[in-house]
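Okay, everyone, let's walk through this one together. Grab a coffee and have a look at the screen.

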Amino acid sequence: MSSDDARRLLDEWRQVMERLEALRAEPVDEITKQFRAELEARESSLAEQVRAAGLLPEAVQPRVGPWSPLPLFEDERPEPGDDRDEPNLTVIPDEPGGASSYEKFASVVDALFDHSNGRRARKRIRRWLKQPERLKEVDARGARLLACALDEMVALNEAEAVRTQFRLAPPPLPRFIPPLRLQQPWVPSMVDGFTRMQRAVVNALRETPTEARRLKFVLDELSERFDRADLTRAVDELLVPRPIPLVESVPGRMGEERLLKLTRATRCMPFVPNLLVNGCCPPLRFPVYRLERVVEAARLMLRSDSMSGSAFGMVLGSPEFGRLKGDASSSLFVFGTGTMSFEAEVKVGSAGTALAVTLLTPPLHVPREQLESICEAAEGVKSHRDDGERLVVTFEHQAFLTAFLRRLSNAGALRRVVEVAHLVEVDGRETPVWVGGLLNVWLESCRAALRERGAPQQQHAEDRLHVLEGLLRAADHEAVVFRIVDSSLSNAEAEWALQNVGSEAFRGRAAFSSIDTGSLAPFTGAQARVLVKTKSLAARKPKLLEEWHELRRELGGAPTLYSPDPLLTELEQMLSDVTRT
């Protein structure tokens, strides 16, 4: 019989005996007698199986006569305050002459703490510690291992007793690593994500007709309005590596000065959410997100104006910190300030005594001297080395490794916390802004650019509609209009006559005095210029009327639920343009 089968058999036997004991305290009736008889038969059968398997010690006899609960092992006598709800399932064998051997004692500790979870394991370990002969020949090294294992079992009182008995000082608590607070190099504007100097450089580059310009020319043009040192610093800030570069440095010929080039992303401004995608610069205190996620959040905001910060957080996902991704607190999306946490990668060797911790990259890394102090103060460390990107520590026992991991976690070395904020400049003041506010400003800038871009087309449509109104009015008075045109000596005179129909000057001319224009109103200059060149109006009136209705719908009609949103179309176009960069 395997140890698991034996454990299950003993558990079932104990449970049946406890139920019998509780049943005998109840009033006796027919149902109770029948149920008790069934339990007694089951208990007798289990007792035979225990004896047949050799699991019952010789000192324990089966129940005879009046029933009374019996212990399963010699060392499990009822003690005051012991509720006896958990059996001792494992007897730790004595190692002959091995109490002073660290290796043999380590195997005893392994057996003692095997599957040591729950109240049952803690009671088993307490009973083991109450036997003085167990610790009679244990040396300080073995006692340190036992105390460390007890600490990991959260049996702190027992661990303290062992340390006191062997005069062992507890390991010093590591100094807690506070959340990392990074200095933001500059505060960008909420409108486009640039500072005043950066915007001046970008506008100067955008106005140039060439693809690239010498940096000296750009600075010379702007140095009359700005300080040369501030301009140079703004150029360096623009050239900082970003997820989507705005300005690139183009290498020129040998000895030639550095050239600057705007990228496709800057040409698409303001359709690039510079802040949410690029932030400020490393170290990124301003968290950034993937461009596709930002565009998706903008789509949802167009459809619903009542989205909460947590909803935006679910769409945007985890922010990025350089090449790392961290977990952001919900307050970052709701209030604009919060924290991001980054987990260090931890690998444990197959033997359970070697630990490799992949260190976080700067500026998230923990100072080397602080890690060294934690390693030196840890118990059971055989060796430790720093491979540059990894910290490799070897321990004498697995219990020491578990304790060391807990120390690193408590000190904040495995989970680095960074304070972040969507800090922008609004009306000359530094203000944290929630994600919805940044997206709203971006969408408003997109709408303004759409209106500016669509203004020429709209003006052209309005001008054409105005001309059509004149043509339709002239078609109703075609004979009068053509008579005025035919009576004119030139196109200029015809245009003047159509613009002054019915006036005193018009009637004062002999060529037009006999024409009846009582029901015809004057035309504008644009309408008159077209009428002079028109040969027929009545035949074209149906087509002119159809074009007039189409332009009215285009200019005055509101978009329906099924008509595509022009802003969504622009967002899609922006995404495709920028991702090709």
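Start with Arg509, which sits over the face of Trp496, 4.0 Å from the ring centre. When I say a charge is over a ring, I mean that NZ of Lys or CZ of Arg is within 6 Å of the ring centre and within 35 degrees of the ring normal. There's another case: Arg473 lies over the face of Phe523, at 4.2 Å from the ring centre.

Before I go on, a word of caution: this is a predicted model, so local features need pLDDT of at least 70 and side-chain atom pairs count only at pLDDT 80 or more, while totals for chains, interfaces and linings use all residues. Residues are numbered from 1 along each chain as its sequence is written, and side-chain values use heavy atoms, with hydrogens and water left out.

Staying with rings, how many aromatic pairs does the structure hold? Four. To count, rings of Phe, Tyr and Trp (its six-membered ring) need centres within 6.5 Å; planes under 30 degrees apart are called stacked, over 60 edge-to-face, and the rest tilted. One of the pairs is Phe395 with Phe404, which is tilted, with 5.2 Å centre to centre and 50 degrees between the planes. Both of those Phe residues, 395 and 404, are buried, and buried here means under 20% relative accessible area, against over 50% for exposed and in between for partly exposed (1.4 Å probe, protein chains only). Then we have Phe506 and Phe512, a stacked pair at 5.0 Å centre to centre, with 5 degrees between the planes. Phe506 and Phe512 are buried too.

Now the whole chain. It has 23 helices and 15 strands; these are DSSP runs, numbered from the N terminus, with helices being H or I of at least four residues and strands E of at least two. Of the 581 residues in the protein chain, 42% are buried. The chain exposes about 32,300 Å², and carbon and sulfur atoms supply 52% of that; the areas come from the Shrake-Rupley method with a 1.4 Å probe, and for residues only the protein chains shown count as cover. Take contacts (heavy atoms within 4.5 Å) between residues at least 6 apart in sequence: 66% of them join residues at least 24 apart.

On to the strands, where pairing means that DSSP finds at least two bridges between them. Which order do the three strands of the open sheet take? E2-E4-E3, with antiparallel pairing. E2 (212–214) and E3 (247–250) are the edge strands, each pairing on one side only. Neighbouring strands in this sheet are turned by 35 degrees against each other on average, direction ignored. Helix H8 (residues 215–222) packs on the sheet, touching E2 and E4, and its direction makes about 70 degrees with that of E2; axes are lines fitted to C-alpha atoms, for helices over the stretch in contact, and angles run from 0 to 180 degrees between N-to-C directions. Three bridges join E2 to E4 (residues 259–262), and Ala212 stands opposite Lys261 in E4.

Further along, strand E8 (residues 337–343) pairs antiparallel with E7 (residues 327–328) over two bridges, and with E13 (residues 415–421), also antiparallel, over seven. Look at Ser341: its bridge partner in E13 is Val417, and Ser341 is also the bridge partner of Asp327.

Last stop, the hairpin of E14 and E15. These strands pair antiparallel over four bridges, one partnership being Glu425 with Glu430. Two residues lie between the strands, and Asp427 takes a positive phi near 55 degrees.
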